[in-house]
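Welcome, and thanks for taking a look at this one. Have the sequence and the model open side by side as you read.

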Amino acid sequence: AKAPVAYGELIMSFPDASSATVCRYSTPPLLQERITITDSEQAIIDQALNIRASARIPFWEALFAACLQIGSCPESMLDAAGFHNGPGELITVSSEQIRRGRLVEIVTEGKRNIGLTSEVSLSTPEVCHLALMDFHCGITSENTQMVAAVCRRLMANGFLLLDSGDSYHACGISLMKAPERIDFLGRSLFFAPIVDSAYVAHQLLQPMSSIRISSGGSRDKSPEVLLVDLGK
């Protein structure tokens with residue numbers, strides 16, 4: 001199933017769910033769009049690209065590894081690394097709208113950069129969260145097994161594992177309270193760089209997490225479910 005269908009069905013499986021929130025975000029600018037790159041900075045970037053290619057780690061981790069190897073890190077790169085875009089425009093979608101397929105409609109209308117946030121409102125005043133996670137490794141049968149093993153440790157009650165276009169997304173199939181979301185994100189960093197640590201950092205800066213459900217950035221497809229694990 002495509003992400004909008006799978007997430008919609010998951011939200012509707014919670015009997016007290018009254019609404020969820022989607023977001024329309026902008027793609028963050030590339031490093032070369034944030035700073036004017038000098039020759040010395042280009043040398044660091046070239047070294048980082050070599051490290052990323054050989055170690056298969058995220059660009060920013062490779063960049064700072066290159067800085068450590070070279071023995072310097074320009075202030076401009078440190079400033080650029082802390083760029084946080086936020087979740088973007090937030091739109092509440094009621095459970096009735098979700099039941100009628102509104103998440104699918106939003107994506108099929110051709111809109112890009114649409115995400116689902118972790119926040120699920122219940123019929124009580126309580127707000128709970130989905131356990132959302134982004135990974136950094138290519139789609140292979142071996143990596144699917146490895147990422148699923150990580151998910152079993154982070155989402156013991158079960159999860160959806162999705163092909164995000166060039167890596168993996170995951171979503172727990174049970175809801176958690178706000179403090180549990182912070183604990184979940186913190187524990188996920190034990191598994192970096194399989195887990196995308198930059199993704200986790202951005203989610204910790206927000207009151208809710210978010211994950212893409214449409215095409216967006218360099219990805220031309222909506223995420224799609226690879227497997228469902230029902231947990232213990």
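What follows is a short tour by topic, from strands and helices to cysteines, backbone details and a pocket. Please keep in mind that this is a predicted model.

**Strand β1 and its partners**

- Strand β1 covers residues 17-24, and six of its eight residues are buried, so β1 is largely enclosed by the rest of the structure.
- On one pairing, β1 and β3 run antiparallel and are joined by six bridges. To find this pairing in the model, look for R24, whose bridge partner in β3 is I114.
- β1 also pairs with strand β2 (residues 89-94), again in the antiparallel sense and over six bridges. Here V22 is a handy landmark, as it stands opposite I91 in β2.

**I11 in helix α1**

- I11 belongs to helix α1, which spans residues 3-12. Is I11 buried or exposed? I11 counts as buried, because its relative accessibility is 0%.
- Leaving aside residues up to four places away in sequence, I11 touches A17, A20, I98 and L116. Two of these contacts, A17 and A20, fall within the residue range of β1 (17-24), while L116 falls within that of β3 (114-122).
- I11 also comes together with a part of the chain that is distant in sequence: I11 and S95 are 84 residues apart in sequence, yet their C-alpha atoms are 7.9 Å apart in space.

**Helix α9 and what covers it**

- Which residues of α9 are buried? In this helix, residues 178-188, they are R181, F184, L185 and S188. These residues cover an arc of only 95° around the axis, which puts them on the same side of α9.
- The cover over these buried residues includes three strands, β3 (114-122), β4 (127-134) and β6 (168-176), along with the helices α8 (141-154) and α10 (197-204).

**Helix α10 and its buried face**

- The buried residues in α10 include Y199, V200 and Q203. Looking down the axis of α10, its buried residues fall within an arc of 100°, so they line one face of the helix.
- That buried set packs against β4, α9 and β7 (210-212). The link between the two helices can be read from either side, since α10 is also part of what covers the buried residues of α9.

**D134 in strand β4**

- D134 sits in strand β4. With a relative accessibility of 15%, D134 counts as buried, because the cut-off for that label is under 20%.
- Apart from residues up to four places away in sequence, D134 is in contact with Y168, H169, V195, D196, Y199 and I211. One of these contacts, Y199, is itself a buried residue of α10.

**Two cysteines without a bond**

- How many disulfides does the structure hold? The number is zero.
- The closest cysteine sulfur to that of C67 is in C73, at 3.3 Å, which is too far for a bond because a disulfide needs the sulfur atoms within 2.5 Å. Seen from the other side, C73 is in no disulfide either, with the sulfur of C67 as its nearest cysteine sulfur.
- The two residues have their own settings: C67 counts as buried at 5% relative accessibility, whereas C73 is partly exposed at 28%.

**Backbone details worth a look**

- A192 and P193 are joined by a cis peptide bond, with omega of about 10°. You will find P193 in the loop between α9 and α10.
- R56 is not a glycine, but it has a positive phi of about 55°. R56 lies in the loop between α3 (39-55) and α4 (59-70), and it is exposed, with a relative accessible area of 70%.

**The second largest pocket**

- The second largest pocket holds about 240 Å³ of space. It is lined by 15 residues, and the closest to its centre are L154, N157, S174, L175 and M176.
- Which element gives the largest share of this lining? That is β6, with five residues. β6 and α9 each supply at least two residues of the lining, and β6 is also among the elements that cover the buried residues of α9.

Notes. Residues are numbered from 1 along each chain as its sequence is written. This is a predicted model: local features need pLDDT of at least 70, side-chain atom pairs count only at pLDDT 80 or more; totals for chains, interfaces and linings use all residues. Side-chain values use heavy atoms; hydrogens and water are left out. Buried means under 20% relative accessible area, exposed over 50%, partly exposed in between (1.4 Å probe, protein chains only). Helices (H or I, at least four residues) and strands (E, at least two) are DSSP runs, numbered from the N terminus. The arc is that of the directions from the helix axis to the C-beta atoms. Contact means heavy atoms within 4.5 Å. Two strands pair if DSSP finds at least two bridges between them. On a 1 Å grid over the protein atoms alone, a cavity is a set of points where a 1.4 Å probe fits but cannot get out, and a pocket is an open set with protein on both sides within 12 Å along at least five of seven lines; lining residues have an atom within 4 Å of a point. Grid points are joined across faces, edges and corners, and a volume is the space filled by probe spheres set on the points.
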